[in-house]
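Thanks for making time this morning. I would like to walk you through one model, beginning with a single side chain and working outwards from there, so please have the picture in view as I talk.

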Amino acid sequence: MGLVEKKSKLNGSSFKKGPAGSQYVICVKNEGYPASLELRKIYRLLRDKTANKAGMMRVVDESGEDYLYPEEYFLAIKLSPSIARAVHLAS
């Protein structure tokens, strides 16, 4: 459980807002984080090169905040523009 790391709100992100700049992942593993990650749920991915180098992914979890999780907990998915818009509006 010590792997989760919260990103400071002051540090900004290279993530573009809106469906066009969004990337999504689906959760395939949640060991140690059942309250934060739901299996088979789509999560928004925020780009974080430092996290990627460490084998982690920064995702917006159930709390609505972005945290680092092991990259093997997710699979990247590509959504059609209309589905990406719907997912973005629903979150």
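Let me start at F74, which, once its neighbours within four places in sequence are set aside, is in contact with V25, I26, C27, V28, L37, Y43, M57, V59 and Y69. I should say at once that this is a predicted model, and everything I describe should be heard with that in mind.

Where does F74 belong in the wider packing? It is one of the twelve residues of the largest nonpolar core, together with V25, C27, Y33, L37, Y43, L45, M57, V59, Y67, Y69 and Y73. Two or more residues of this core come from each of β1 (23-27), β2 (42-46), β3 (56-60) and β4 (66-70). As a general remark, nonpolar side chains in soluble globular proteins tend to be buried together.

Now to the framework around that core. The protein has two helices and five strands, and, read from the N terminus, these elements follow one another as β-β-α-β-β-β-α. The five strands form an open sheet in the order β4-β3-β2-β1-β5, and the pairing is antiparallel. β4 and β5 (74-77) stand at the edges with a single partner strand each, so one side of each has no neighbour in the sheet. From one strand to the next, the twist averages 45°.

Is the edge strand β4 buried or exposed? Five of the five residues of β4 are buried, so this strand is largely enclosed by the rest of the structure, although, as I said, one of its sides lacks a neighbour in the sheet.

Let me go through the pairings of β3 in turn. With β4 it runs antiparallel, the two being joined by five bridges, and here M57 stands opposite Y69, which are both members of the core I listed and both contacts of F74. The hairpin of β3 and β4 has five residues between the strands, and within this hairpin G64 takes a positive phi near 90°. With β2, β3 pairs in the antiparallel sense over two bridges, and L46 stands opposite R58.

Finally, some totals for the protein as a whole. Of its 91 residues, 34% are buried, and the accessible surface comes to about 6000 Å², with 55% of that belonging to carbon and sulfur atoms. Among contacts with a separation of 6 or more, 50% are between residues 24 or more positions apart.

Conventions:
Residues are numbered from 1 along each chain as its sequence is written. This is a predicted model: local features need pLDDT of at least 70, side-chain atom pairs count only at pLDDT 80 or more; totals for chains, interfaces and linings use all residues. Side-chain values use heavy atoms; hydrogens and water are left out. Helices (H or I, at least four residues) and strands (E, at least two) are DSSP runs, numbered from the N terminus. Buried means under 20% relative accessible area, exposed over 50%, partly exposed in between (1.4 Å probe, protein chains only). Contact means heavy atoms within 4.5 Å. Accessible areas come from the Shrake-Rupley method with a 1.4 Å probe; for residues, only the protein chains shown count as cover. A nonpolar core is a set of buried Ala, Val, Leu, Ile, Met, Phe, Trp, Tyr and Cys residues joined through side-chain atoms within 4.5 Å. Two strands pair if DSSP finds at least two bridges between them. Axes are lines fitted to C-alpha atoms, for helices over the stretch in contact, and angles run from 0 to 180 degrees between N-to-C directions.
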